[in-house]
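Here is a friendly tour of one protein model. Have a look at the fold yourself before reading on.

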Amino acid sequence: MAGLFRFRRSRGPIDLAMDMVGVRLGERVLQAGAGNPKLFAKLAGKAGLSGRACAVVDSAEAAGPLEAAAAAEGVLVEVTVAHGPFWPLEEAAFDVGIVDGNALLRGSAAERTDRLAEVRRVVRPGGRVLIVRSFSTGLAGRLGFSPSHAGPGTEASTLLQALEGAGFRPARILAEREGMTFVEGFRPAV
């Protein structure tokens, strides 16, 4: 009977995202959009005092949860509220960029292009960008049963096309699992 039902053991979405992002001590991390505040705080902890963790959000209301999560985790972060498409950040100042995929999908194609252009500007040549999107998995997903589908969803394909359109090469869909989509791209070194 033990072999009849096999449940997939999951450590949780935060741990999965931490593994996918792969921030190391001393790296400079940028988060574009509110995303998951707890994930941002944990990434700031991985970067440590020798690194840098900065988030760019559209409103002061979005900055509050990020700052609260950082305080709860006991890490130092910078949260910048930027109105408009241009951010007050130095060019090529970050090693890794994390982009809120849900916010990208809510915006128009022009807004996606503007946001990803700024991410490309502030991530160093050769730097890595990861779009993280969360979605509802339903009861079956929470119980450990993964839906079977042939390929990436339309949202993942849209995010991949946006990343490629912004000049990130190579770009690929890393995974769609446990209620999260991960799309990765690199800023060309040249």
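The points below cover a helix, the cores, one arginine and a pocket.

Keep in mind that this is a predicted model. A good place to begin is helix 7, which spans residues 154-165 and gives the most residues to the largest nonpolar core, with 4.

**Helix 7**

- Helix 7 has 12 residues, so at 1.5 Å a residue it should span 16 Å; its end C-alpha atoms are 16 Å apart, which agrees.
- Buried residues in this helix are Ala156, Leu159, Leu160, Ala162 and Leu163.
- These buried residues cover an arc of only 160 degrees around the axis, so they sit on the same side of helix 7.
- Thr154, Gln161 and Gly165, on the other side of helix 7, are exposed.
- The cover over the buried residues of helix 7 includes helix 4 (101-106) and helix 5 (109-122), along with strand 5 (123-134), strand 6 (171-177) and strand 7 (180-186).
- After helix 7 comes Gly167, which has a positive phi, near 95 degrees.

**The nonpolar cores**

- In soluble globular proteins, nonpolar side chains tend to be buried together.
- The largest nonpolar core has 25 residues, and those touching the most other members are Leu30, Trp87, Leu89, Val99, Val119 and Leu163.
- Two or more residues of this core come from each of strand 1 (28-32), strand 2 (52-57), strand 4 (94-100), helix 5, strand 5 and helix 7.
- Another core lies apart from this one; it has 17 residues, including Val29, Ala47, Val132 and Met180.
- Which residues does Leu89 contact, leaving aside its neighbours within four places in sequence? They are Leu30, Arg52, Cys54, Val56, Phe94, Arg121 and Val122.

**Arg133**

- Arg133 belongs to strand 5.
- Is Arg133 buried or exposed? Its relative accessibility is 9%, so Arg133 counts as buried, the cut-off being under 20%.
- Not counting residues up to four places away in sequence, Arg133 touches Gly101, Asn102, Leu105, Glu155, Leu159, Glu176, Gly179, Met180 and Thr181.

**The largest pocket**

- The largest pocket holds about 370 Å³ of space.
- It is lined by 19 residues, of which Asp58, Gly84, Ala103, Glu111 and Arg115 are the closest to its centre.
- At least two lining residues come from each of strand 2, helix 4 and helix 5.
- Helix 5 gives the most to this lining, with 4 residues.

Technical notes
Residues numbered from 1 in each chain as written. Predicted model: local features only at pLDDT ≥ 70, side-chain atom pairs only at ≥ 80, totals over all residues. Heavy atoms only, no water. Expected span 1.5 Å × (residues − 1). Buried < 20%, exposed > 50% of the residue type's maximum accessible area, 1.4 Å probe, protein only. Arc of directions from axis to C-beta. Contact = heavy atoms within 4.5 Å. Core = buried A, V, L, I, M, F, W, Y, C linked by side-chain atoms within 4.5 Å. 1 Å grid on protein atoms, 1.4 Å probe; cavity = no way out; pocket = protein on both sides within 12 Å on 5 of 7 lines; lining within 4 Å. Points joined across faces, edges and corners; volume = space filled by probe spheres on them.
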